[in-house]
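Please walk me through how this chain is put together, starting from the overall picture and ending inside the core.

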Amino acid sequence: MEENIDVTSHTEGLNGLSHERKPVEEITNGHSAYKPVVNGVVIGHGGKDHTNGSAPLRSLPISALKQNGLLQTLAAGGDEPNSTEEREDGELEKARQEWEALDNIQPALTEDSTPTPLISFNEALQYFQTTDLGDLLKNIQPTIRRTGLAAIAHFLFGPPRLHRELLEERDLVFAIAQCPVDNSQTVHMRVLQTIYKRLVGTRLDCPRYGSHWENVGFQGMDPATDLRGTGFLGLMHTLYLVMDPETLPLAREIYKLSQHPTQNFPFCVMSINMTRIALQILREEALSKECNRRQQVVGVLNEFYVATFLHVYQLWKTQQKTIADSGYVLKEVELFAKKNPKQMLRRLEVFLKERQAGGVPRGTSPDPQAHQPSPSLGERGTKAGTGQGSRGKEMHFTGVCDLPPDMEGEARLI
């Protein structure tokens, strides 16, 4: 005798729904009347599964939906795909914002679409010659104050006094040496821009402040903070070095050495130290004899600055000096320059003549840009005989602070 066995068949339907089918005892019209049950709920007659059809699941009780396997899966781990999509959307949004931000990013070294024109040394000098420096003249110290036996010894055995007609030009140099950098003065800003452009080799303007100044040898983001002891005179000397066609090749040689992997040094800071030495030697009247002979002060000071920088450059390069030797080198150069000002100037003259003749002066390396046509020192001397001399009017120095007496003879990177 056969027993009715309640056989329940479970099948996995579409979308993960559990289909439960139970056989019924009656067969109508020869057809088996199976009634599918989804999670304990009878779907309908005819055994038609609407789980993936048009019949919505909203007709199911909430209690049945809670038992649905797919819904439980989505509730437990369905946030993973959503989090991935959110992450992708976030990355796309971030990329979109970065792309839109490109329109607002300004080039690092361009402040104006129209580059500031370069300024020549003569033009900068003329500016200071026509500027009222009366307040600065009150604070200058153009000579070393000596008393007692030191004053007597200097009078009897020291260098000759500067001619009276040159005193005004000398005072002008020291007055400009007292003048700080003024952001409101176009000439001041053009001097800074010209120095940067000539050294770096760009036509674009650079921002007034920024780390790019360190690339040309300043110690910080503002060149004005490095002008202790020299002020704008330090910038004017550097301008002279890079704008004079005869000294420009030397400037490039020195700047190249300043970028050396092991012998590097801050170019502009070193240049400022050369100005400091030249200014101090002028104050000690060691250049008076040469100034009297040429009947000019500014021109002699210009050349003495270049001669001092040349001496440092040759010593630094040939003796493989490094920044650790800077204090010793500056001290040695300053002492030598005080005792041998005429020899320093003569060395510069020979160097430039060799360069002009197409040779490679001792202590330098070949430079294809070094052989640019430029007037010789003799021609310059001839021109200097007119009026006060073009050399004497060539250079103006501002922002150079007078060194206190206790700094006399001190040499270091400032």
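What follows goes from the whole chain to one helix and then to the nonpolar core.

The model is predicted. Its chain holds 17 helices and 6 strands. Of the 414 residues, 43% are buried. Among contacts between residues at least 6 apart in sequence, 72% join residues at least 24 apart. The chain exposes about 22,600 Å², and carbon and sulfur atoms supply 53% of that area.

Helix H8 covers residues 186-200. At 1.5 Å a residue, its 15 residues should span 21 Å, and the C-alpha atoms at its ends are 21 Å apart, so expectation and model agree. Just after H8 comes glycine 201, with a positive phi near 85°.

H8 is largely enclosed by the rest of the structure, because 12 of its 15 residues are buried. Buried here means under 20% relative accessible area. The buried residues include Val187, Met189, Val191, Leu192, Ile195 and Leu199, and also His188, Arg190 and Lys197. The cover over the buried residues of H8 includes helices H4 (121-129), H9 (232-243), H10 (248-258) and H11 (267-283).

Val191 of H8 leads on to the core. The largest nonpolar core has 79 residues, and Val191 and Leu235 are those with the most contacts inside it. Helix H13 (residues 298-318) gives the most to this core, 13 residues. Leaving out residues up to four places away in sequence, Leu235 touches Val181, Val191, Leu192, Ile195, Phe218 and Leu227. Among these partners, Val191, Leu192 and Ile195 are buried residues of H8.

Conventions:
Residues numbered from 1 in each chain as written. Predicted model: local features only at pLDDT ≥ 70, side-chain atom pairs only at ≥ 80, totals over all residues. Heavy atoms only, no water. Helix = DSSP H or I, 4+ residues; strand = E, 2+ residues; numbered from the N terminus. Buried < 20%, exposed > 50% of the residue type's maximum accessible area, 1.4 Å probe, protein only. Contact = heavy atoms within 4.5 Å. Areas by Shrake-Rupley, 256 points an atom, 1.4 Å probe, with all protein chains shown as cover. Expected span 1.5 Å × (residues − 1). Core = buried A, V, L, I, M, F, W, Y, C linked by side-chain atoms within 4.5 Å.
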